[in-house]
Amino acid sequence: MLQATCRDPDELIGNVPPAMEPATVRMVAIHAVMAGCKPEYLPVVLGGFSLMLRDEFNMNGVQGTMHGWRL
């Protein structure tokens with residue numbers, strides 16, 4: 001899976017709320033494999049994941065609510 005990107009496997013993508021655990025390229029790749037992604041999907045998954053970690057997306061709010069949310 002990691003051969004599908006030229007990024008360093010230990011590169012930090014960001015911290016994932018609510019525990020603010022670090023997410024590296026390697027960790028995202030591991031989760032992508034477990035989700036059934038093909039290696040050629042990894043660049044898109046990494047791009048989407050980095051966008052989801054932006055403050056505007058409010059990932060903590062999205063994960064931690066039982067009600068609707070909007071941007």
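Q: Why does Thr24 count as buried?
A: In this predicted model, Thr24 has a relative accessibility of 16%. The cut-off for buried is under 20%, so Thr24 falls on the buried side. Thr24 sits in strand 2.

Q: How do you know what Thr24 is in contact with?
A: Contact takes heavy atoms within 4.5 Å. Leaving out neighbours within four places in sequence, Thr24 meets that with Pro9, Asp10, Glu11, Leu12 and Ile13.

Q: What does Ile13 touch, not counting residues up to four places away in sequence?
A: The list for Ile13 is Arg7, Ala23, Thr24, Val25, Val28, Leu46, Phe49, Ser50 and Leu53. Ile13 is also one of the 11 residues in the largest nonpolar core.

Q: What makes up the largest nonpolar core?
A: To get in, a nonpolar residue has to be buried and joined to others through side-chain atoms within 4.5 Å. The residues of this core are Ile13, Ala23, Val25, Val28, Ala29, Ala32, Leu42, Leu46, Phe49, Leu53 and Met59. Two elements, helix 1 and helix 2 (42-52), each give two or more residues to the core. Helix 1 has the largest share, with four residues.

Q: What makes the patch with Met27, Ile30 and Met34 a nonpolar surface patch?
A: Members need over 30% relative accessible area, and nonpolar side chains are joined within 5 Å. Take Ile30: its relative accessible area is 37%, so Ile30 clears the 30% bar. Together with Met27 and Met34, Ile30 makes a patch of about 290 Å². Ile30 lies in helix 1, residues 25-34.

Q: Why is Ile30 called partly exposed and not exposed?
A: Exposed needs over 50%, and buried needs under 20%. Ile30 is at 37%, so it lands in between.

Q: How do you know that Arg7 forms a salt bridge with Glu11?
A: The test is a side-chain nitrogen of Lys or Arg within 4 Å of a carboxyl oxygen of Asp or Glu. For Arg7 and Glu11 the closest N and O atoms are 2.9 Å apart, so the pair passes. Arg7, at 31% relative accessible area, is partly exposed, and so is Glu11 at 28%.

Q: Why does the salt bridge of Asp10 and Arg26 tie together parts apart in sequence?
A: First the label: N to O is 3.1 Å for Asp10 and Arg26, and the limit is 4 Å, so the pair qualifies. As for the tie, Asp10 lies in the segment before strand 1 (12-16) while Arg26 is in helix 1, so the pair links parts that are 16 residues apart in sequence. Arg26 itself is partly exposed at 34%.

Q: What about Arg54 and Glu56: what makes them a salt bridge?
A: Their N to O distance is 3.3 Å, so it too fits within the 4 Å limit. The accessibility labels differ here, because Arg54 at 45% is partly exposed, whereas Glu56 at 56% passes the 50% mark and is exposed. The structure holds three salt bridges.

Q: Why do Met20 and Asn58 stand out by their phi?
A: Most residues other than glycine have a negative phi. Met20 is not a glycine, yet has a positive phi of about 60°, and Asn58 likewise has a positive phi near 60°. Met20 is in the loop between strand 1 and strand 2, and Asn58 in the loop between helix 2 and helix 3. At 46%, Met20 is partly exposed, as is Asn58 at 43%.

Q: How do you know that the peptide bond of Pro17 and Pro18 is cis?
A: Omega gives it away, at about 5°. Most peptide bonds are trans. Pro18 lies in the loop between strand 1 and strand 2 (21-24).

Q: Where is confidence lowest, and where is it highest?
A: Helix 3 (residues 59-63) is at the bottom with a mean of 79, and helix 1 is at the top with 98. For the protein as a whole the mean pLDDT is 91, with 90% of residues reaching 70 or more. Where pLDDT is low, the coordinates should not be read in detail.

Q: What is the order of the elements from the N terminus on?
A: They run β-β-α-α-α, which comes to three helices and two strands.

Definitions and conventions: Residues numbered from 1 in each chain as written. Predicted model: local features only at pLDDT ≥ 70, side-chain atom pairs only at ≥ 80, totals over all residues. Heavy atoms only, no water. Patch = residues over 30% accessible without salt bridge, like charges linked within 9 Å, V, L, I, M, F, W, Y side chains within 5 Å. Areas by Shrake-Rupley, 256 points an atom, 1.4 Å probe, with all protein chains shown as cover. Buried < 20%, exposed > 50% of the residue type's maximum accessible area, 1.4 Å probe, protein only. pLDDT = per-residue confidence, 0-100.
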